[in-house]
Amino acid sequence: MLPQRTLKEIVKTVSIGLHSGKKVELVLRPATVNTGIIFRRVDLDPIVEIKAEADAVGETMLSTTLVKDGVKISTIEHIMSAFVGLGIDNAYVDINAVEVPIMDGSAAPFIYLIQDAGIKEQFTPKKFVKIIKPIKFKNESGWAELTPFDGFKVSFEIDFDHPAVRDTRQFLSLDLSHHSYVREISRARTFGFMRDVELFRSKNMGLGGSLNNAIVLDDFRILNQDGLRYKDEFVKHKILDAVGDLYTLGHGIIGAYHGHKSGHAINNLLLRELLKQRDAWEIITLDHEKKAPVAFIGDYYLA
């Protein structure tokens, strides 16, 4: 049996919100089997809980935001991506603000937090969404699709007309395992352009953005003194985001995802289309690890 996983201990950290610029305290707590990932606004009385599900996503401008009865929890995609990367099925995420802290703009700090808490196996089978037939969503901005595949493959193509981005690889396809995620994807940071800063800040967005938590580009070059963490960090961050967005299905996917100039909105609309077509997927468990596709085999603790 491939078991569900949660955290061993409670773990805490403090960072700032990307859009508010204010300090946010984040607490990760273990959860019982079949709980899923539950985000909690502990600054409200009573506390508001929102389960990370595709139909709970209410806003997708610049981040993935859960909405329930007017209460919002935004920028969930990086920590959701980290949960996928380490195979966490069940956890509570407590925050005392409207958004999950940005940390360094990647999933790596969340990986470290989860590893610090420790990972506990729960003796209930892990569930997967197995893609049975292709599903695609397309609009004027781009497209994304899910197709059958014996594992978890993620492919992404970006197309930014910027000299610094054009110098990097703009298409990448990976068979994701927990090892390859931590090594190849988790450290890729979000990125943005100086020309957009004034617009965002006029809308009270991006107030916490800086060279410490994003790759920032002017019209010609990367402004971060240390440059890129990966030669293809831009497309890898888009994969990181997509992995987190896909986890709002509530389970890991056995299938292949391909995104072309996709983003949070297209990813969510793809999942909603999938859920409407009940003959396109099924929920399965894997009775024995030896039967699992390579993406789901191995030690979750190691990078």
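# A guided tour of helices and sheets

Begin by selecting helix H4, residues 178-185, in which His178, Ser180, Tyr181, Val182 and Ile185 are buried. The structure on display is a predicted model. Keep H4 in view and add its surroundings: the buried residues of this helix pack against H1, helix H2 (108-117), strand E15 (171-175) and H6.

**The pair H1 and H6**

Next, select helix H1 (residues 77-85) together with helix H6 (residues 233-246). The two pack with their axes 7 Å apart, at an angle of about 80°. H1 is therefore roughly perpendicular to H6. To see where they touch, show the side chains of Glu77, His78, Met80, Ser81 and Val84 in H1. Opposite them, in H6, are His237, Leu240, Asp241, Val243, Gly244 and Asp245. Colouring this contact by residue class would show 4 nonpolar, 4 polar and 3 charged residues.

**The sheet of five strands**

Now turn to the open sheet formed by 5 strands, and follow them in the order E2-E3-E9-E4-E5. The pairing in this sheet is mixed. Which strands stand at the edges? They are strand E2 (11-16) and strand E5 (48-51), each of which pairs on one side only. From one strand to the next, the twist averages 20°.

Within this sheet, select strand E3 (residues 23-30) and strand E9 (residues 91-95), which form an antiparallel pair over 5 bridges. For a particular point along the pair, centre the view on Pro30, whose bridge partner in E9 is Ala91.

With the strands still displayed, bring back H1, which lies across E3, strand E4 (37-41) and E9. The direction of H1 runs at about 150° to E4. H2 also packs on the sheet, where it touches E2 and E3. The direction of H2 makes about 160° with that of E2.

**The sheet of three strands**

The next stop is an open sheet of 3 strands in the order E6-E7-E8, with antiparallel pairing. Strand E6 (57-59) and strand E8 (71-73) are at the edges; each has a single partner strand, so one side of each is left without a neighbour in the sheet. Direction ignored, neighbouring strands here are turned by 50° against each other on average.

Select E6 with strand E7 (residues 65-68) to examine one pairing: the two run antiparallel and are joined by 2 bridges. Glu59 can be found opposite Thr65 in E7.

**Strand E18 and its partners**

Finally, select strand E18 (residues 252-260). How many of its 9 residues are buried? The number is 7, so E18 is largely enclosed by the rest of the structure.

Three pairings of E18 may be displayed in turn.

- Strand E11 (residues 127-131) pairs with E18 in the parallel sense over 3 bridges; look for Phe128 opposite Gly252 in E18.
- Strand E13 (residues 143-147) pairs with E18 in the antiparallel sense over 5 bridges; here Glu145 stands opposite His258 in E18.
- Strand E14 (residues 152-157) pairs with E18 in the parallel sense over 6 bridges; Phe152 is located opposite Gly255 in E18.

Definitions and conventions
Residues numbered from 1 in each chain as written. Predicted model: local features only at pLDDT ≥ 70, side-chain atom pairs only at ≥ 80, totals over all residues. Heavy atoms only, no water. Axes fitted to C-alpha atoms, helices over the stretch in contact; angles between N-to-C directions. Helix = DSSP H or I, 4+ residues; strand = E, 2+ residues; numbered from the N terminus. Parallel < 35°, antiparallel > 145°, perpendicular 65-115°, else oblique. Contact = heavy atoms within 4.5 Å. Nonpolar A, V, L, I, M, F, W, Y, C, P; charged D, E, K, R; others polar. Buried < 20%, exposed > 50% of the residue type's maximum accessible area, 1.4 Å probe, protein only. Pairing = 2+ DSSP bridges.
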